[in-house]
Amino acid sequence: MKITDIMSQDTMILSLKATTKEAAIDEMIAKLAENEKINDVSLFKKEIMKREQESSTGIGDGIAMPHAKTKAVNTPTVVFAKSEAGLDYESLDGQPAFLFFMIAATDGANQTHLETLAALSRLLIHPDFVGKLRNAASTEEVTALFDEAQGEKEASDGIAYSDISRDKPFVVAVTACPTGIAHTYMAEDALKNKAKEMGVDIRVETNGSDGAKNKLTIDEIERANGVIVAADKKVEMARFDGKHVLETPVSDGIRKPEELINKAIAKEAPVYHHSGEKDSSVGNGQKVSIGSRIYKDLMNGISHMLPFVVGGGILLAFSFLLEQYFPSAKTFTDMLGAISGGETGAFMFLIPILAGFIAMSIADRPGLMPGMVGGLLAATSDAGFLGGLLAGFLAGYVVLGLKILFSKMPKTLEGLKPILIYPVLGLLITGGLMYFIFDPIFATINEFLVDQLQSLGTTNAVILGTVLGGMMAIDMGGPFNKAAYTFAIGVFTTTGNTDGAFMAAVMAGGMVPPLAIAMATTIFKNKFTSDERQAGLTNYVLGLSFITEGAIPFAAADPLRVITSCVLGSAIAGGLTQFWQINVPAPHGGIFVVGLANHPMLFLLSILIGTVISGLIYGFWKKAK
């Protein structure tokens with residue numbers, strides 16, 4: 001069966017209107033309902049969202065694959081959708097998603113349908129193919145691309161595994177995801193392709209919805225240097241007793257195959273000892289490090305806070321602009337100030353929202369209220385941004401502790417937990433700890449921070465601006481970028497430094513990468529494909545709008561040259577803003593808030609210098625096509 005038999009042109013959306021994750025899901029479900037592929041919209045969405053709660057199906061590299069296997073499906077179908085601007089799908093790499101494949105599988109999907117869905121998943125790990133899909137202009141072109149790619153893949157799959165060489169490293173792996181439709185097979189192919197590149201022999205067992213395939217033999221396990229278990233559900237583990245076993249989420253199998261294979265060969269994983277109990281891999285979800293867990297919770301808070309930062313910040317900036325040039329519009333200016341800043345506007349919600357959604361990420365909905373109140377206490381007691389961060393994590397783990405403490409309650413009293421026990425005790429414990437202990441501590445810390453920032457000499461300020469600017473370009477929206485931006489927001493909102501000195505540094509640093517890419521594709525045309533030059537033009541708009549993520553596709557394709565050149569230019573731009581003592585009293589807006597800077601021409605010059613340096617380094621360094 002061809003992939004396009006279950007991904008017809010009738011179920012394609014070439015211009016997704018949604019701007020949020022849930023809206024995108026709703027739009028694709030509506031397409032299924034419109035074509036009578038599902039019989040119960042509510043049940044189907046419930047199953048889709050249930051899968052999202054286990055782990056995001058935004059697998060990274062701009063792709064999301066929401067999927068469900070349920071009786072709500074009449075006919076196995078795939079909805080292909082494309083978003084030109086991209087949207088935040090809470091993807092595993094933290095980047096926007098552009099291509100969407102909603103897989104609707106029937107409860108009793110037959111073998112042929114399951115194999116077809118697996119074939120679809122395997123194609124999506126190939127960057128060249130994904131790039132062609134992103135540029136497809138019609139449903140006919142999408143169909144032709146899949147038919148051609150599937151034909152080539154089936155031809156190559158006819159080649160049997162080569163005999164395992166005694167002279168090569170040998171690794172065995174198991175891949176599995178909760179639904180067993182998409183991620184399982186994408187991880188399999190990613191590991192196999194990378195192993196072939198590395199000259200490593202590998203055998204991969206898949207635990208999909210149609211059962212275990214390519215089962216590992218005892219002899220293969222014995223001969224293997226190491227074992228990779230890339231799984232988000234239980235798999236058979238007893239057979240690996242005494243072997244070095246690397247247990248990791250299935251998403252790592254897709255995104256980090258080389259790292260996993262190297263660790264398996266080097267036997268860096270601990271030796272697995274089977275306890276004799278029921279087999280399990282990573283429990284009922286992803287097994288992640290403490291650092292990854294903290295980062296995920298923090299990003300949940302920041303992502304929900306950002307609309308308040310952007311909306312409130314730009315309107316606040318506009319009110320400053322009106323006040324400066326149109327003093328007669330005082331009534332309107334006062335209104336803008338009231339809804340954006342002060343005690344009634346969007347900025348008042350920054351810290352409570354941050355804390356509330358950090359807590360919600362940790363403890364689900366019961367953590368939201370105590371987290372928000374803890375954040376509000378921090379915001380109104382000079383504990384500020386740092387206090388709000390602590391309040392979020394504190395509330396989350398307090399509620400998590402309450403869940404464990406009351407887990408043995410009789411089932412007849414279960415209903416009391418969400419409506420009485422968690423709200424009352426969660427608020428009491430979190431609020432009490434913040435009020436009596438942490439608020440005073442962080443108020444003192446903030447006072448010290450204000451004094452230090454106000455006493456920074458020019459040299460130290462330039463160094464800090466250079467570091468912040470460079471961090472904005474290291475991962476272009478990832479942890480380093482968010483850390484720099486979060487620091488600047490914290491200074492902007494809670495330390496009295498509302499003139500926006502460090503916002504100037506991070507804004508300049510974040511604008512340089514896409515602008516540098518755009519400049520390079522314009523000047524060094526012979527070194528870029530026509531598609532890359534077209535994407536480069538888009539980066540002019542993205543860069544001027546302070547959307548660093550526009551440079552990500554180029555960084556993914558050529559990380560050493562792009563990231564190195566962009567970090568250098570961004571660092572210089574950030575340092576120059578501090579050398580020239582530039583302030584931008586707005587936390588977002590890019591070119592649209594330049595008029596608010598105390599030295600607008602110098603701010604533009606900082607960005608221009610950084611852009612030219614990065615663009616020229618990248619352009620000269622890049623090899624011609």
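**Helix crossings and selected residues in a predicted model**

The crossing of helices α14 and α15 is right-handed, and this pair is a convenient place to enter the structure, which is a predicted model. Two packed helices are described by the angle between their axes and the distance between the axes. For α14, which spans residues 368–380, and α15, which spans residues 384–405, the axes come within 8 Å and cross at roughly 155°. Because angles over 145 degrees count as roughly antiparallel, α14 is roughly antiparallel to α15. On the α14 side the contact involves Pro370, Gly371, Gly374, Gly375 and Ala378, and these meet Gly384, Gly387, Gly388, Ala391, Ala395 and Val399 of α15. Sorted by class, the residues of this contact comprise 5 nonpolar and 6 polar ones, with no charged residue; in reading that division, one should keep in mind that Gly is counted as polar.

One of the α14 residues just named, Ala378, also provides a link to another part of the chain. Its C-alpha atom is separated by 8.6 Å from that of Phe438, although the two residues are 60 residues apart along the chain. Phe438 belongs to helix α16, which covers residues 416–454, and with a relative accessibility of 23% Phe438 counts as partly exposed, because the buried class requires a value under 20%. When neighbours within four places in sequence are set aside, the residues in contact with Phe438 are Leu390, Leu394 and Leu433.

A second pair of helices gives another arrangement. Helix α7, residues 183–198, and helix α10, residues 257–265, have axes that come within 9 Å and cross at roughly 65°, which makes α7 roughly perpendicular to α10. The crossing of α7 and α10 is right-handed. From α7 the contact draws on Ala190, Leu191, Lys194, Ala195 and Met198, while α10 contributes Pro257, Glu258, Ile261 and Asn262. The residues of this contact divide into 6 nonpolar, 1 polar and 2 charged.

Individual residues can then be placed by their accessibility. Asp297, in helix α11 (residues 290–325), has a relative accessible area of 0% and is therefore buried. Leaving out residues up to four places away in sequence, Asp297 touches Phe357, Ile358, Ser361, Ile362, Phe393 and Tyr397.

Two loop residues deserve a look for their backbone angles. Glu36, in the loop between α2 (21–34) and α3 (41–54), is not a glycine and yet has a positive phi of about 60°; its relative accessibility of 64% means that Glu36 counts as exposed. Gln581, likewise not a glycine, has a positive phi of about 55° and is found in the loop between α22 (559–579) and α23 (600–621). With a relative accessible area of 51%, Gln581 is exposed, since the exposed class begins over 50%.

These details belong to a protein that contains 23 helices and 11 strands. Of its 625 residues, 51% are buried, and among the contacts with a separation of 6 or more, 74% are between residues 24 or more positions apart. The accessible surface of the protein comes to about 27600 Å², with 60% of that area belonging to carbon and sulfur atoms.

Conventions. Residues are numbered from 1 along each chain as its sequence is written. This is a predicted model: local features need pLDDT of at least 70, side-chain atom pairs count only at pLDDT 80 or more; totals for chains, interfaces and linings use all residues. Side-chain values use heavy atoms; hydrogens and water are left out. Axes are lines fitted to C-alpha atoms, for helices over the stretch in contact, and angles run from 0 to 180 degrees between N-to-C directions. Helices (H or I, at least four residues) and strands (E, at least two) are DSSP runs, numbered from the N terminus. Angles under 35 degrees count as roughly parallel, over 145 as roughly antiparallel, 65 to 115 as roughly perpendicular and the rest as oblique. A crossing is left-handed if the near helix is turned anticlockwise from the far one by less than a right angle, and right-handed if clockwise. Contact means heavy atoms within 4.5 Å. Buried means under 20% relative accessible area, exposed over 50%, partly exposed in between (1.4 Å probe, protein chains only). Accessible areas come from the Shrake-Rupley method with a 1.4 Å probe; for residues, only the protein chains shown count as cover.
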